[in-house]
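Biologist: I am new to this structure and would like to learn how to read it. Could you take me through it feature by feature?

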Amino acid sequence: MSRFSNNLIGILNFLTLLLSIPILVMGVWLHKQSTTECERFLEKPIIALGVFLLVVSLMGLIGACCRVSWLLWFYLLVMFLLIVLLFAFTIFAFVVTNKGAGEALSNRGYKEYRLGDYSNWLQNKVTNGNTWERIRGCLESGKLCSEYHFKFLNDNIEKFHTEQLSALQSGCCKPSEDCGFTYVSPTNWTPGNVNSTNLDCKAWNNDPKILCFDCQSCKAGLLQNLKTDWKKVAVVNIIFLIFLVIVYSIGCCAFRNNRQDNWKRY
């Protein structure tokens with residue numbers, strides 16, 4: 001019975017070790033194949049995650065199965081810090097995504113988004129010029145608005161108004177309703193209300209490389225997407241935290257077994 005916790009920790013870390021290998025392979029593949037800023041942005045976190053899982057799983061596996069107490073102690077320390085960090089991030093995610101929501105429009109299937117509705121911390125992240133330029137490049141290279149254009153190309157204005165646009169499509173690929181522009185196609189609008197106080201109206205351009213990528217509504221659409229994704233991640237984190245606490249508890253039992261065995265040996 002005393003060996004059960006050690007064996008279980010060994011099995012769990014062996015599975016984690018196997019998981020780290022395809023993650024590392026994916027990171028290396030992205031490093032060799034990446035051609036855009038977005039792909040290069042992803043490669044480093046993926047490689048770092050793979051290396052982290054590999055090292056931690058080796059520590060847990062050797063520490064539990066080979067009865068190396070000091071290595072298992074470091075493993076438990078890393079696990080404890082990971083639990084604390086995940087808990088803090090989960091609380092933080094719920095706090096910073098608590099504010100902000102799309103504005104429902106009369107007789108429209110889509111919503112519009114205002115940057116000022118979101119938390120100051122999130123606003124500061126997208127109003128930074130250098131950061132937004134990188135995000136803007138990702139949105140362009142991801143063909144966000146070109147796919148939107150071809151998807152709704154055959155819509156007349158009545159049909160277009162009923163479409164369920166995503167937050168990014170609504171914020172980045174079309175002008176705000178405040179502007180009163182005349183619809184020609186999903187990405188082609190004739191300027192209308194020149195006296196609008198909405199600064200996004202002046203930022204709009206029919207050029208496919210510009211559109212509303214420099215608009216506040218585009219940044220707000222991104223934050224709405226981020227808010228939705230972070231809430232999902234926070235829920236997954238809660239489940240993962242429960243799992244980590246269970247593994248940590250089993251690891252503590254394995255560490256105690258190691259110490260007892262070492263004490264008996266001497």
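Modeller: We will talk about ring pairs, a surface patch, two polar residues and salt bridges.

Modeller: First, some ground rules: this is a predicted model, where local features need pLDDT of at least 70, side-chain atom pairs count only at pLDDT 80 or more, and totals for chains, interfaces and linings use all residues. Residues are numbered from 1 along each chain as its sequence is written, and side-chain values use heavy atoms, with hydrogens and water left out.

Biologist: How many aromatic pairs are there?

Modeller: Rings of Phe, Tyr and Trp (its six-membered ring) pair if their centres lie within 6.5 Å; planes under 30 degrees apart count as stacked, over 60 as edge-to-face and the rest as tilted. By that rule there are 15 aromatic pairs. Phe92 and Trp230 make a tilted one, with 6.3 Å between centres and 55 degrees between planes. Phe92 sits in helix H3 (residues 69-96) and Trp230 in helix H10 (residues 216-265), so the pair links parts of the chain 138 residues apart. Helices (H or I, at least four residues) and strands (E, at least two) are DSSP runs, numbered from the N terminus.

Biologist: Is Trp230 buried or exposed?

Modeller: Buried means under 20% relative accessible area, exposed over 50%, and partly exposed in between (1.4 Å probe, protein chains only). Trp230 has 17%, so Trp230 is buried, whereas Phe92 is partly exposed at 31%.

Biologist: Why is the pair of Phe152 and Phe160 called edge-to-face?

Modeller: Because the planes stand at 85 degrees, with the ring centres 6.5 Å apart. Both Phe152 and Phe160 are buried. They belong to a cluster linked by ring pairs, together with Tyr110, Tyr148, Tyr183 and Trp189.

Biologist: Which residues make the nonpolar surface patch?

Modeller: Patches are made of residues with over 30% relative accessible area and no salt bridge: like charges are joined within 9 Å, nonpolar side chains (Val, Leu, Ile, Met, Phe, Trp, Tyr) within 5 Å. Areas come from the Shrake-Rupley method with a 1.4 Å probe, and for residues only the protein chains shown count as cover. Here Trp70, Trp73, Phe74, Leu77, Phe80, Leu81 and Val84 make a patch of about 710 Å². Leu81 lies in helix H3 and is partly exposed at 46%.

Biologist: What is Gln169 in contact with?

Modeller: Contact means heavy atoms within 4.5 Å. Leaving aside neighbours within four places in sequence, Gln169 is in contact with Leu144, Tyr148, Phe152 and Lys174. Gln169 is in helix H8 (residues 167-172) and is buried at 14%. With the same kind of neighbours set aside, Asn225 touches Ala167 and Leu168. Asn225 is in helix H10.

Biologist: How many salt bridges does a search of the whole structure find?

Modeller: A salt bridge is a side-chain nitrogen of Lys or Arg within 4 Å of a carboxyl oxygen of Asp or Glu, and the search finds 8. In one, Glu177 and Arg108 have their closest N and O atoms 3.2 Å apart. This pair links distant parts of the chain, 69 residues apart. In another, Arg136 meets Asp214 at 3.0 Å. Arg136 is in helix H5 (residues 129-141) and Asp214 in the loop between helix H9 (200-203) and H10, so this bridge ties together parts 78 residues apart in sequence. Arg136 is buried at 12%, while Asp214 is partly exposed at 39%.

Biologist: Which residues do salt bridges with shared partners join into one network?

Modeller: That network holds Glu103, Glu112, Arg114, Lys174 and Asp178. Within it, Arg114 and Glu112 meet at 3.7 Å, N to O.
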